Amino acid sequence: MAEEEGPTVELRQRKKLKSSENKESAKEEKISDTPIPEKAPKHVLFQRFAKIFIGCLAAVTSGMMYALYLSAYHERKFWFSNRQELEREITFQGDSAIYYSYYKDMLKAPSFERGVYELTHNNKTVSLKTINAVQQMSLYPELIASVLYQATGSNEIIEPVYFYIGIVFGLQGIYVTALFVTSWLMSGTWLAGMLTVAWFIINRVDTTRIEYSIPLRENWALPYFACQIAALTGYLKSNLNTYGERFCYLLMSASTYTFMMMWEYSHYLLFLQAISLFLLDSFSLEQSDKVHEVYKIYIFSLFLGYLLQFENSALLVSPLLSLVVALMLAKCLQLNVKKGTFIAKIMKVINFYLVCILTVTLNIIMKMFVPHKENGHMLKFLEVKFGLNMTKNFTMNWLLCQESLQAPSQDFFLRLTQSSLLPFYILVLIICFLSMMQVIFRRINGKSLKETITLEDGRIGGRPEIIYHVIHTILLGSLAMVIEGLKYLWTPYVCMLAAFGVCSPELWMTLFKWLRLRTVHPVLLFFPRLMTELMELQEFYDPDTVELMTWIKRQAPVAAVFAGSPQLMGAIKLCTGWMVTSLPLYNDDDLLKRNENIYQIYSKRSAEDIYKILTSYKANYLIVEDAICNEVGTMRGCRVKDLLDIANGHVVCEEGDKLTYSKYGRFCHEVKINYSPYVNYFTRVYWNRSYFVYKINTVISFQS
C-alpha cells in the first residue's frame with residue numbers, strides 16, 4: 001500500500017505544481033497586458049502634479065481676484081472710504097442694518113460673555129419685547145466676526161466696518177473657488193472652473209445679492225454650502241482613493257454643520273439635497289453606502305445644531321430630519337435579496353413609497369409632540385401663492401407683491417441667454433438627463449454595465465456625481481421658476497453645470513471643436529465688462545436720511561421709541577441705537593403683526609385709531625415717509641396703501657377696485673395739514689423733503 005501511494009502523491013504534487021505554474025503564467029500575461037505606470041513614473045507624476053498645481057493656483061487666484069473685485073466695486077459704488085461713519089451705515093438697508101447693528105453692539109460690550117448675554121436677553125431693540133436675537137436672527141456670523149476682530153488685534157489696524165465686509169467678500173471668494181473645484185472635479189479639466197467663474201461674474205446680477213445687501217444670511221452661508229457640494233461631488237466619484245474619500249468626508253461634515261449654523265433656512269436646502277441623494281441611491285446601486293454616510297452627517301449636524309442653537313425646535317420638526325430617519329428605517333426593513341431579480345425590483349418600488357409615507361408620518365408626529373413655531377406664515381404664503389387659498393391679509397398680500405417672491409421675469413431669461421449661459425445649460429442638461437435615463441433603463445432591464453466608463457462609451461449619465469447634480473439642479477430650477485428670489489441658489493450651479501458640459505470631452509466628443517469656439521464668447525465679454533464697471537463712477541447720495549439720523553441722535557431722548565416702516569426702523573436701530581417698534585424681519589408672527597399695525601399710518605384710519613395702535617407699543621415718535629405715502633407703484637395693487645385698503649375693506653375688488661365710502665382721509669396726508677383732531681394727538685417736531693417726524697402727545701387736548 002505504501003508503495004502504491006508513493007506514485008499517486010507524486011502525481012498530485014506534479015499536478016499542483018503545473019496548475020500553480022499555469023496561474024502564475026496567466027497572471028504574468030495579464031500584468032504584461034495591462035499598462036504599467038511604474039515604467040515612466042517621473043513623466044506621469046510630473047504631468048499630474050503640474051495639472052493639479054496649475055488648477056489649484058487658478059482656483060485660489062480666481063477666488064482672491066473676485067473678492068478684490070467686490071471690494072473695489074463696493075468702494076467705487078458708495079465712495080466708502082470718503083464718507084463719515086453715519087453715511088457708511090446708511091448703505092446697510094433693511095434687515096442688513098439690523099445684523100450689522102448687533103455686530104456693533106458686540107464690539108461695544110465689555111466682554112464677549114456679556115455681549116452674548118445682552119443679545120440673548122435683548123430688550124433694547126423692540127419695544128415691550130425681549131428677544132433672543134442670536135437664535136431668532138441667526139447672529140452667529142456677527143459673534144464670530146466680533147471675536148476675530150478683537151482676538152486678532154485688528155482693532156488697531158482696521159475699522160470695524162471694513163473688517164466686517166472684508167470677511168463677507170472673502171467668503172464670496174471661497175464661494176467662487178468651490179464652484180471652480182466642483183466643475184473641475186466633474187469635467188476633469190480646470191478650464192471648466194475658469195469658465196464657471198467667468199459666467200458667474202458676468203451674470204452677477206442673478207447669481208448673488210452681495211451688491212445689494214452685504215450682511216444677508218445667505219451671503220454668509222452659501223459659500224459653505226458650495227464647499228459642501230464640492231466635497232460631496234468628490235466623495236461620490238467612483239475612482240476616488242481612500243485618503244481622498246476621508247478628506248471629502250471631513251470637509252463635507254464641517255461645511256454641512258457650519259452651513260446649518262449660519263442660516264435659519266439651511267435645513268430646507270439640505271432637504272432638497274437629501275431628496276437628490278435618495279433618488280441617486282434608488283438609481284445607482286453602487287453608491288448606497290456612501291449616500292447613507294451622508295445621511296449620518298445630516299443627523300449629526302441637526303442634533304448638534306439643535307443643542308448649540310438654544311434647543312431650536314425648528315430643526316427637530318424639519319422635513320430633513322423626518323426624511324433621513326425614514327430612509328434609515330427603510331434601509332433596516334429592506335430584505336436581503338439578490339440584485340437584479342424581479343423581487344429586488346419590486347422591493348425598490350415598495351421602498352420608494354415606504355420612505356414617502358414614513359417621512360410624512362414622522363413629520364406629523366414630531367410636530368404633535370415638539371412645541372414649535374415653524375414659520376406658519378410661510379405655509380399660508382405658499383397656499384396663497386399657488387392659488388389654494390384667497391386672503392385680504394395685508395402681510396400675505398405684501399409678501400406676494402415683493403419682486404423676489406414672484407415668478408421670474410422675462411428679463412431674467414434674456415440676461416442668461418445674452419451671456420450664452422442658458423442655451424449651453426439647457427443643452428448640457430438635456431444630454432446628461434437622457435444619458436442618465438438610458439443608464440437607468442438598462443439597469444432596470446438587468447443589463448450589466450462596465451465598471452469603468454471610457455470616453456468611447458458615451459455614457460456620462462452613468463457617473464453617480466452627474467446623476468446627483470442633474471437631479472439637484474432640476475429641483476432647484478423648479479423652485480426658481482416659481483419664486484425669483486430662489487434664483488440665487490440655482491443660477492450659480494447653472495454656471496457650474498454648463499461650464500462642466502462645455503469643457504467635458506465625454507459630453508462633446510464629436511462637437512468639441514465647434515463648441516470650443518462658442519465658449520470664447522463669455523470669456524471675451526469678461527474683462528471689458530468688469531473694467532467698465534470699475535471705471536464707472538457712481539455716487540450714493542441720501543442727505544435726507546443723514547439729516548434725519550443726525551436729528552434723532554442730537555434731539556431725541558435716549559429712552560425714546562420710534563415707529564415707522566420696518567425698513568427705516570432697521571436703519572434707525574443701526575445708526576442711532578434708539579429703540580423701535582418693528583423690524584424688517586419676516587420669520588416671527590409677532591413681528592409680522594407689528595409691521596402690519598404700524599403700516600396703518602398709511603391707511604384711511606382715524607387719528608384716534610392710529611394713536612391707540614402707536615401707544616400700545618409705547619411709541620414716542622412717529623416717522624412718515626413721503627416715498628410710501630405718495631408711492632406711485634409700477635405694479636397695480638401692490639402699493640402699501642393699496643394693500644392696506646384691501647385689508648381694511650376700503651376697496652371692493654369685485655367691482656373694479658372702486659373705493660368704498662370712508663369718512664376718514666389717508667392718515668399720512670391728513671396729519672401733515674395740522675388740524676384737529678390730528679394736531680391733538682401728534683405734534684410735528686422735524687421734517688425735510690423725505691421724512692416727517694411727529695411727537696406722540698402724552699396729554700391730549702381736544703380744543704380746536
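Begin by selecting helices H12 and H14, whose crossing is right-handed; the model on screen is a predicted one. Helix H12 covers residues 242–262 and helix H14 covers residues 288–308, and the two pack at an angle of about 35 degrees with their axes 9 Å apart. To see the contact itself, show the side chains of Glu245, Tyr249, Met252, Ser253, Thr256, Tyr257, Met260 and Met261 on H12, which meet Lys290, Glu293, Val294, Ile297, Tyr298, Ser301, Leu302, Leu304, Gly305 and Leu308 on H14. If you colour this contact by residue class, you will find eleven nonpolar, four polar and three charged residues.

Keep H14 selected and hide H12 for a moment. The 21 residues of H14 should span 30 Å at 1.5 Å a residue, and the end C-alpha atoms of the helix lie 31 Å apart, which agrees. Which residues of H14 are buried? They are Lys290, Val291, His292, Val294, Tyr295, Ile297, Tyr298, Ser301, Leu302, Gly305 and Tyr306. Bring H12 back and add helix H11 (217–236), helix H13 (266–283), helix H15 (313–316) and helix H16 (319–333), since the cover over these buried residues includes each of these elements. Then step past the end of the helix to phenylalanine 310, which follows H14 and has a positive phi, near 60 degrees.

Next, select serine 62, which lies in helix H2, a helix of residues 41–78. Serine 62 has a relative accessible area of 10% and is therefore buried, the cut-off being under 20%. Once neighbours within four places in sequence are set aside, serine 62 is in contact with Val176, Phe180, Met194 and Val197. A distance label drawn from the C-alpha atom of serine 62 to that of isoleucine 174 should read 9.3 Å, although the two residues are 112 residues apart along the chain.

Move on to helix H26, residues 543–555, whose 13 residues should span 18 Å at 1.5 Å a residue and whose end C-alpha atoms are indeed 18 Å apart. Display the side chains of its buried residues, namely Asp544, Thr545, Val546, Leu548, Met549, Trp551 and Ile552. What covers them includes both helices and strands: helix H3 (85–90) and helix H27 (566–575), together with strand E1 (561–563), strand E3 (621–625), strand E6 (682–687) and strand E7 (691–696).

Now turn to the cysteines, for the structure holds two disulfides. Select cysteine 401 and cysteine 638, which form a disulfide with their sulfur atoms 2.0 Å apart. The torsion about this S-S bond is -75 degrees, and the link is left-handed. What does this pair tie together? Cysteine 401 sits in helix H19 (residues 394–401) while cysteine 638 sits in the loop between helix H30 (626–629) and helix H31 (640–647), so the bond connects parts that are 237 residues apart in sequence. Cysteine 401 is buried at a relative accessible area of 18%, and cysteine 638 likewise counts as buried, at 17%.

The other disulfide joins cysteine 629 to cysteine 668, with an S to S distance of 2.1 Å. Here the S-S torsion is 80 degrees and the link is right-handed. Cysteine 629 belongs to helix H30 and cysteine 668 to helix H32 (residues 667–670), so this pair ties together parts that are 39 residues apart in sequence. Cysteine 629 has a relative accessibility of 1% and counts as buried, as does cysteine 668 at 0%. With the bonded cysteines numbered in sequence order, the pairing of the protein chain is 1-3, 2-4.

Two further cysteines are worth a click. Are they buried or partly exposed? Cysteine 227 counts as buried at 17% relative accessibility, whereas cysteine 356, at 36%, counts as partly exposed.

Finally, zoom out until the entire chain is in view. The protein chain has 33 helices and seven strands, and buried residues make up 49% of its 704 residues. If you draw the contacts between residues at least 6 apart in sequence, 72% of them join residues at least 24 apart.

Terms used
Residues are numbered from 1 along each chain as its sequence is written. This is a predicted model: local features need pLDDT of at least 70, side-chain atom pairs count only at pLDDT 80 or more; totals for chains, interfaces and linings use all residues. Side-chain values use heavy atoms; hydrogens and water are left out. A disulfide is a pair of cysteine sulfur atoms within 2.5 Å. Helices (H or I, at least four residues) and strands (E, at least two) are DSSP runs, numbered from the N terminus. Buried means under 20% relative accessible area, exposed over 50%, partly exposed in between (1.4 Å probe, protein chains only). Axes are lines fitted to C-alpha atoms, for helices over the stretch in contact, and angles run from 0 to 180 degrees between N-to-C directions. A crossing is left-handed if the near helix is turned anticlockwise from the far one by less than a right angle, and right-handed if clockwise. Contact means heavy atoms within 4.5 Å. Ala, Val, Leu, Ile, Met, Phe, Trp, Tyr, Cys and Pro count as nonpolar, Asp, Glu, Lys and Arg as charged, and the others, Gly among them, as polar. The expected span of a helix is 1.5 Å times one less than its number of residues.
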